[in-house]
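Please work through the exercises below with the sequence and the model open beside you, and try each task before you read its solution.

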Amino acid sequence: MKRAERARTVWLVAPAMLALAAVLALGTPAPREAGLLLVCVLALTAIIWRVQRHADGRRLRTLDGLLESLREGDYSVRGAVSGGNEEQARLMGRFNALAQRLQDEQRDSHESVQLLSKTLAALDGAVFAFEQDGRLRLINPAGERLLGRPASELLGQGADALGLAPLFAIPNGRIHPHAFPAQQGRWQIGHASLRSRSQAGRLLVVQPMERALRDEEAQAFRRLLRVLSHEINNSLAPIASMADTLTRVLPAPGASFDPEARADLAGGLDLIEKRSLAMQRFLGGYARLAKLPEPQPVIVMLAPLCERVRRLVDERIRVDVDPELRVVADADQLEQVLINLLRNAVEAGGDAPVELFARPEGGQARVQVRDRGEGLPSSDSLFVPFFTTKAGGSGIGLVLSRQILEAQRGSLELLSRAPEAGTVAEIRLPLASSER
């Protein structure tokens with residue numbers, strides 16, 4: 001027994017010993033009294049020993065309960081340092097230090113997990129983590145949007161079932177066109193090995209490249225337009241001017257000049273002037289792509305804007321827009337986009353009704369222009385500048401519309417209206433409520 005325990009025991013036994021000494025000092029007790037006194041002393045000593053043993057057992061049970069709490073992950077428990085011997089106090093102090101360290105590490109781990117979750121949620125690229133057996137273990141919100149299903153339905157499925165297995169065969173970092181259930185386009189594919197708790201897994205990252213590549217193409221297109229506009233306009237302007245001048249200096253009708261030759265010259269000069277001016281207007285339209293002003297986003301009530309556009313384009317257009325729907329957009333540019341799309345729909349649908357529909361969806365406004373025309377043409381060049389399927393079209397409307405929307409953090413897609421005939425032009429714009 002240690003010094004502290006011995007001292008405590010002496011203090012507990014001291015009253016009995018003093019009582020015995022007092023009895024002895026008063027004289028020799030009778031045998032019966034002496035026996036009774038001895039029995040009392042022995043009983044008191046047994047009680048003290050039992051109490052001390054019970055206290056030690058209680059401390060051991062307390063320590064066992066504390067250790068069980070740590071095993072179950074509760075690191076907030078602490079033990080009392082006072083009330084025991086030196087070894088018990090030192091042991092309890094070490095336990096408390098261990099519990100504090102585990103609690104600090106648990107808090108740091110939770111903060112790291114929260115930071116990772118926020119980082120993954122903010123990524124534009126889709127992230128998929130697979131376990132060693134090929135089952136999906138982790139997916140971020142971009143991955144859910146790409147596959148068109150919530151994580152609760154995707155976790156635990158294999159890469160083959162999700163249609164992602166072929167992407168692991170693509171060289172790391174390569175840009176690859178691929179159609180996912182909810183989106184198609186060009187993607188940069190990245191993959192790597194993972195190791196967690198001695199188990200090997202695989203990581204797949206699908207980074208959207210469509211917009212970045214379109215931005216590069218748009219920049220190259222703007223540079224080309226600036227050069228072409230400058231050089232061609234420098235040539236067309238004097239040609240048109242010269243044609244006008246030559247027309248004015250032609251002999252008047254009835255003069256001593258061959259009437260047929262004069263008519264041919266006048267017709268030729270008039271054609272040259274008209275075509276020169278037409279070419280200048282044509283290039284001016286494309287120059288708008290290179291000189292598109294920066295958008296000035298404000299909160300826009302969508303229903304009045306759509307009604308105004310309907311009256312400008314065609315009174316027969318059916319408008320079904322949530323009256324409370326507000327978006328963050330440049331009102332003038334958005335109005336021009338809707339005019340372009342509605343005119344296309346009216347031309348494609350003929351006498352069939354055209355619908356303008358808008359509802360909030362997932363932090364965005366989904367705006368659809370629906371027609372009942374022949375549907376999408378079998379071409380991937382609908383958003384390529386100069387490409388058009390309409391006679392007399394310039395191939396600028398869709399390109400300009402998409403460029404306007406993407407500058408406002410929106411998007412434009414053309415979708416088939418299957419199983420019905422027709423096409424859907426779908427616009428996505430940020431809701432005003434998501435900005436506040």
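The exercises that follow concern a predicted model, and each task is followed by its solution.

**Exercise 1. Classify the aromatic pair formed by F130 and F168, and say where its two members lie.**

Solution. A pair of aromatic rings is described by the distance of the centres and the angle of the planes. The centres of the rings of F130 and F168 are 5.9 Å apart and their planes stand at 70°, and because planes over 60 degrees apart count as edge-to-face, the pair is edge-to-face. Turning to position, F130 belongs to strand 1 (residues 126-130), whereas F168 lies in the loop between helix 6 (159-162) and strand 3 (175-179), so that the pair links parts of the chain that are 38 residues apart.

**Exercise 2. Decide whether F130 and F168 are buried or exposed, and find the charged group that sits over the ring of F168.**

Solution. Buried means under 20% relative accessible area. F130, with a relative accessible area of 3%, is buried, and F168, at 14%, counts as buried as well. The charged end that sits over the ring of F168 is that of R202, 3.9 Å from the ring centre.

**Exercise 3. Describe how F180 and W187 are arranged.**

Solution. The rings of F180 and W187 are 5.3 Å apart from centre to centre, with 90° between their planes, and they form an edge-to-face pair. Both residues are buried.

**Exercise 4. Determine how the buried residues of helix 9 are distributed around its axis, and what covers them.**

Solution. Begin with the helix itself: helix 9 (residues 302-313) has 12 residues and reaches 16 Å from its first C-alpha to its last, close to the 16 Å expected. Next, list its buried residues, which are L302, A303, L305, C306, V309 and R310. These residues cover an arc of only 160° around the axis, and therefore lie on the same side of helix 9. Finally, what covers them includes strand 6 (298-301), strand 7 (318-321), helix 10 (331-349) and strand 10 (364-370).

**Exercise 5. Which residues have the most contacts inside the largest nonpolar core, and which element gives the most to this core?**

Solution. The largest nonpolar core has 35 residues, and those with the most contacts inside it are L302, L334, L338 and I427. Among the elements that give two or more residues to this core are helix 9, helix 11 (397-406) and strand 12 (423-430), while helix 10 gives the most, with eight residues. Leaving aside neighbours within four places in sequence, L338 is in contact with L305, C306, V309, L356, V367 and I427.

Terms used:
Residues numbered from 1 in each chain as written. Predicted model: local features only at pLDDT ≥ 70, side-chain atom pairs only at ≥ 80, totals over all residues. Heavy atoms only, no water. Phe/Tyr/Trp six-rings, centres within 6.5 Å; stacked < 30°, edge-to-face > 60°. Helix = DSSP H or I, 4+ residues; strand = E, 2+ residues; numbered from the N terminus. Buried < 20%, exposed > 50% of the residue type's maximum accessible area, 1.4 Å probe, protein only. Lys NZ or Arg CZ within 6 Å of the ring centre and 35° of its normal. Expected span 1.5 Å × (residues − 1). Arc of directions from axis to C-beta. Contact = heavy atoms within 4.5 Å. Core = buried A, V, L, I, M, F, W, Y, C linked by side-chain atoms within 4.5 Å.
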